[in-house]
Amino acid sequence: MTKKSTIEINGKKFDFPILEGTTGPDVIDISKLYASTGNFTIDPGFTSTASCQSSITYIDGDKGECYYRGYPMDELAEKSSYLEIAYLLWNGSLPTKAEWTEYADAIKNHTMVHEQMKNFFNGFRRGSHPMAILTSVVAALSAFYPDSIDVNDLEQRQISARRMIAKVPTLAAMAYKYSIGQPFIYPDNSLDYSENFMQMTFGVPAEKYKVNKVFSKALDKIFILHADHEQNASTSTVRLAASSGVNPFASISTGFTSLWGPLHGGANEAALNMLKEIGDVKKIPEYIKKAKDKSDPFKLMGFGHRVYKNYDPRAKVMQKTCHEVLEDLGRKDDKIMQVALELEKIALQDEYFIEKKLYPNIDFYSGITLNAMGFPSTMFTPLFAVARTAGWIAHWKEMYLDPQNKIGRPRQLYIGEKPRKFIELKNRN
Ligand code: ACO
């Protein structure tokens, strides 16, 4: 029997169907609410509103679990590779060996960007934030690859998606190289995805770059952990932009813009800065006090999450990866790491954090790890964006395949002036 929900408005009752997903909370379908009652709903920040149906990622916030296409994300981080995850998110299933060879070869074929793009970079000031450059150059891809911008053509959709997976790391590394005044390094297709990203970022033409396997494996895990996270701000932004039918490169560039904010992709940089500022385990109680003080805007960066009301599963993998990287560097007793571990311990025993269900999120340990690997903090969000490109394009594809898809057009509760008479300037005081 179909479940239903009854809403009473001014004494009149209206029934709405309740939809059941594979798992997770049921959803009341209010798409006919306005037509039948003349009312809208309001839910700032979408705290109780599903914006679409999706079969890509499932998060159980209470249990602290996350699944990509049904597979536990922490297991994928240990046993899979980022490129395989990109395939999985896009296709819905893991590749056969033949499918994998075809996909991995195709991505390698697309790693270079149009030579003319270099000139585009030259228009930016040296020292620009790599994210400022990236948001523009990703959108500019539509000018360079006009042969794959027809969103109604299935083959063009696939080519543009593969181009983005392959070229975004190249563009991110170029944005970094440009910002520090070093020459661009071309992709090396003998390397895997993450190794190649490291050589494009840290390599120089004067020397042969030697890949540190512990670092490249850590980076690959970081990419997997950031690959998708269902309807977060940047993914929802991509879906909304794409709902107008705009080309894929322009749609995905909106994800980059949204991700850049400090409450989203920028939090890892803020978390690292906070840990550096604390600097000593002795100063932790002072910062815990500040975080709990309502009159102080300070928050423990890397703590809390809209969906996770338990330990973020990504933070667990991240903490382990962080240990591996520090151990490889011979910095087992790293001071910042000691501050992080102690801060986590104290916060998790504190009544304020327990009551509000505030746990470390992925950003708490990712900043320390990336910093230890040599990435400057300005590259943290670009790295996140490289990884999330796989999620954005998977959602973009899913949106187009959804028969319910229509242009996104939220409504509002208008609280402005009622219609009033315009008085021409000459007649005003
Ligand atoms: N430190 C101290 N108090 C906090 C923190 C924190 N990090 N996070 C939440 N709280 C408190 C809030 O003040 C609020 O208290 P109140 O109920 O007394 O008003 C309560 O916990 C609920 O928090 P909200 O901000 O309402 O929760 P929301 O779901 O809107 O925000 C968010 C989640 C933005 C992640 C928030 O926890 C935060 O700002 N954390 C720090 C930034 C951060 O780490 N962001 C990364 C998120 S993960 C990612 O994007 C990959």
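Tutor: Let's begin with the words we'll need: buried means under 20% relative accessible area, exposed means over 50%, and partly exposed covers what lies in between. Keep in mind that this is a predicted model.

Student: Okay, is R162 buried or exposed?
Tutor: Compare its value with the cut-off, which is under 20% for buried. R162 has 13% relative accessibility, so it counts as buried.

Student: Which residue forms a salt bridge with R162?
Tutor: Side chains of opposite charge can pair when their charged atoms come close. For R162, the closest N and O atoms of the pair are 3.0 Å apart. R162 sits in helix α7 (residues 154–179) and its partner in helix α4 (residues 97–109), so distant parts of the chain, 60 residues apart, are linked. The partner is partly exposed at 44%, and its name is E102.

Student: How many salt bridges does the structure hold?
Tutor: A salt bridge needs a side-chain nitrogen of Lys or Arg within 4 Å of a carboxyl oxygen of Asp or Glu. Counted that way, the total for this structure is 20.

Student: Where does the salt-bridge partner of R163 lie, if R163 is in helix α7?
Tutor: R163 is buried at 10%, and its side chain meets D147 at 2.9 Å, N to O. The two are 16 residues apart and link distant parts of the chain. D147 is partly exposed, with 49%, and its place is the loop between α6 and α7.

Student: And K213 with E195: which helices does that pair tie together?
Tutor: Their closest N and O atoms are 2.6 Å apart, which makes a salt bridge under the 4 Å limit. K213 is exposed at 57%, whereas E195 is buried at 8%. The pair ties together parts 18 residues apart in sequence, because K213 lies in helix α9 and E195 in helix α8.

Student: What does the side chain of S128 reach at 2.5 Å?
Tutor: First place S128: it is in the loop between α5 (117–122) and α6 (130–144). S128 is buried, with 16%, and it touches I133 and S179, leaving out residues up to four places away in sequence. At 2.5 Å its side chain reaches the backbone oxygen of R125.

Student: Which helix gives the most to the largest nonpolar core?
Tutor: In soluble globular proteins, nonpolar side chains tend to be buried together. Here the largest nonpolar core has 111 residues, and I165 is one of those with the most contacts inside it. I165 touches residues including Y82, Y103, T389 and I393. The helix that gives the most, with 13 residues, is α18.

Student: Is I42 buried or exposed?
Tutor: I42 lies in the loop between α1 (33–37) and β4 (57–60). Together with L413 and I415, I42 forms a nonpolar patch on the surface, with about 390 Å² of accessible area together. Its relative accessibility is 59%, so I42 counts as exposed.

Definitions and conventions. Residues are numbered from 1 along each chain as its sequence is written. This is a predicted model: local features need pLDDT of at least 70, side-chain atom pairs count only at pLDDT 80 or more; totals for chains, interfaces and linings use all residues. Side-chain values use heavy atoms; hydrogens and water are left out. Patches are made of residues with over 30% relative accessible area and no salt bridge: like charges are joined within 9 Å, nonpolar side chains (Val, Leu, Ile, Met, Phe, Trp, Tyr) within 5 Å. Accessible areas come from the Shrake-Rupley method with a 1.4 Å probe; for residues, only the protein chains shown count as cover. Helices (H or I, at least four residues) and strands (E, at least two) are DSSP runs, numbered from the N terminus. Buried means under 20% relative accessible area, exposed over 50%, partly exposed in between (1.4 Å probe, protein chains only). A polar contact is a pair of N or O atoms within 3.5 Å; within protein, one must be able to donate a hydrogen and the other to accept it, and residues adjacent in sequence count only if both atoms are side-chain atoms. Contact means heavy atoms within 4.5 Å. A nonpolar core is a set of buried Ala, Val, Leu, Ile, Met, Phe, Trp, Tyr and Cys residues joined through side-chain atoms within 4.5 Å.
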